Amino acid sequence: MQIRILTAADVRSALSMTEAIDGVERAYAQLSAGKATMPLRSRFHTDKGVTLLMPAHLHDSGDFAVKIVSVYADNPRLGLPTVAATVLALDPQTGMPLALMEGDSLTALRTGAAGGVAARYLARADAGTVALFGAGVQARAQLLAAMAVRKIERVWIVDPFESAAQRLAADISGWTDAPAVTLAHSPRSAVAQADIVLAATTTTAPLFDGNDLKPGAHVTGVGSFTPQMQEIDANTIRRARVVVDQRDAAMAEAGDIIIGEAVIDAEIGEIINGDQPGRRNDEEITFFKSVGLAVQDAVTAAAVLKAAEKKGLGTVIQMS
């Protein structure tokens with residue numbers, strides 16, 4: 001038995017954002033069609049932290065993986081990251097492990113791709129302006145994904161830490177076809193001008209007033225992941241058509257949905273499969289909420305592994 005070990009750099013080199021978006025789209029389609037096995041994530045608590053187990057198997061494509069995420073608040077005192085993730089890709093025919101890959105980079109890629117799928121189906125075709133809440137890894141990935149499916153010409157960055165926003169702005173300036181970047185003075189000034197609003201933060205309180213959204217705006221929220229966290233306010237929920245990655249997961253984990261008492265109109269996979277319409281007109285406000293699903297990890301891990309094998313990335317270890 002042999003296994004391929006893929007580092008963060010390997011994962012980033014293996015797959016483009018466009019390829020990741022296409023893969024996550026296929027995953028959502030299979031999930032909403034009942035062609036995926038994906039239990040809700042399991043949580044194992046120890047005295048020091050929590051570890052999450054996220055398995056998934058996609059029936060049509062055969063993608064099969066388990067992601068393990070540990071969150072240990074005291075780790076920085078030991079010189080270790082608070083969050084650590086790994087993904088194990090498995091052969092669905094034999095159950096044998098195929099690859100072990102660094103999970104934080106894969107999570108950023110697949111989470112960005114989820115926003116890209118949503119923008120592909122829900123943002124206006126002429127959307128060119130973005131209000132980006134957050135300046136970390138996830139925010140960066142969300143913007144890259146929006147740029148992969150729409151011609152983005154201007155971005156307003158909203159972040160409480162100006163130094164973080166400045167670093168991201170400097171990074172963006174070096175991208176191919178980079179949009180113009182402005183550090184927003186207030187959430188309202190950014191949201192009022194945005195065709196697409198991207199929220200990728202760890203806040204527990206809403207980031208902006210949904211009454212400031214202009215007609216036709218699309219909102220994606222990926223930051224809140226517990227029933228107590230809320231990036232998107234009730235005004236947005238009231239004005240928008242609400243689409244989620246999966247109903248059960250959103251109702252169990254998404255404070256945006258739970259606190260806002262949202263009525264979920266569709267899963268994104270139902271729209272992909274043609275069972276529900278995408279954007280219905282240019283004035284419609286849409287909101288996509290993703291809590292992150294194991295099917296995203298499975299399909300992205302399989303695509304990363306295939307590309308890594310083709311490009312000769314990683315280290316192959318003989319286990320037996």
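Helices α3 and α4 lie oblique to each other, so that's a good pair to look at first (parallel-ish means under 35 degrees, antiparallel-ish over 145, roughly perpendicular 65 to 115, and oblique is the rest). Before you click around, know that this is a predicted model, where local features need pLDDT of at least 70, side-chain atom pairs count only at pLDDT 80 or more, and totals for chains, interfaces and linings use all residues. Residues are numbered from 1 along each chain as its sequence is written, and side-chain values use heavy atoms, with hydrogens and water left out.

Select residues 103-122 for α3 and 137-149 for α4: their axes come within 8 Å and cross at roughly 40°. Helices here are DSSP runs (H or I, at least four residues), numbered from the N terminus. Axes are lines fitted to C-alpha atoms over the stretch in contact, with angles from 0 to 180 degrees between N-to-C directions.

Now show side chains. On the α3 side, the contact (heavy atoms within 4.5 Å) includes Thr 107, Gly 112, Gly 116 and Arg 120. Across from them on α4, look for Val 137, Gln 142 and Val 149, among others. Colour this contact by class and you get seven nonpolar, seven polar and one charged residues.

Next stop: keep α3 and add α11, residues 294-311. These axes come within 10 Å and cross at roughly 115°, which makes α3 roughly perpendicular to α11. Pick out Leu 106, Leu 109 and Arg 110, among the α3 residues in this contact, and Asp 297, Thr 300 and Val 304, among those of α11. By class, this contact has five nonpolar, four polar and two charged residues.

Notes:
Helices (H or I, at least four residues) and strands (E, at least two) are DSSP runs, numbered from the N terminus. Ala, Val, Leu, Ile, Met, Phe, Trp, Tyr, Cys and Pro count as nonpolar, Asp, Glu, Lys and Arg as charged, and the others, Gly among them, as polar.
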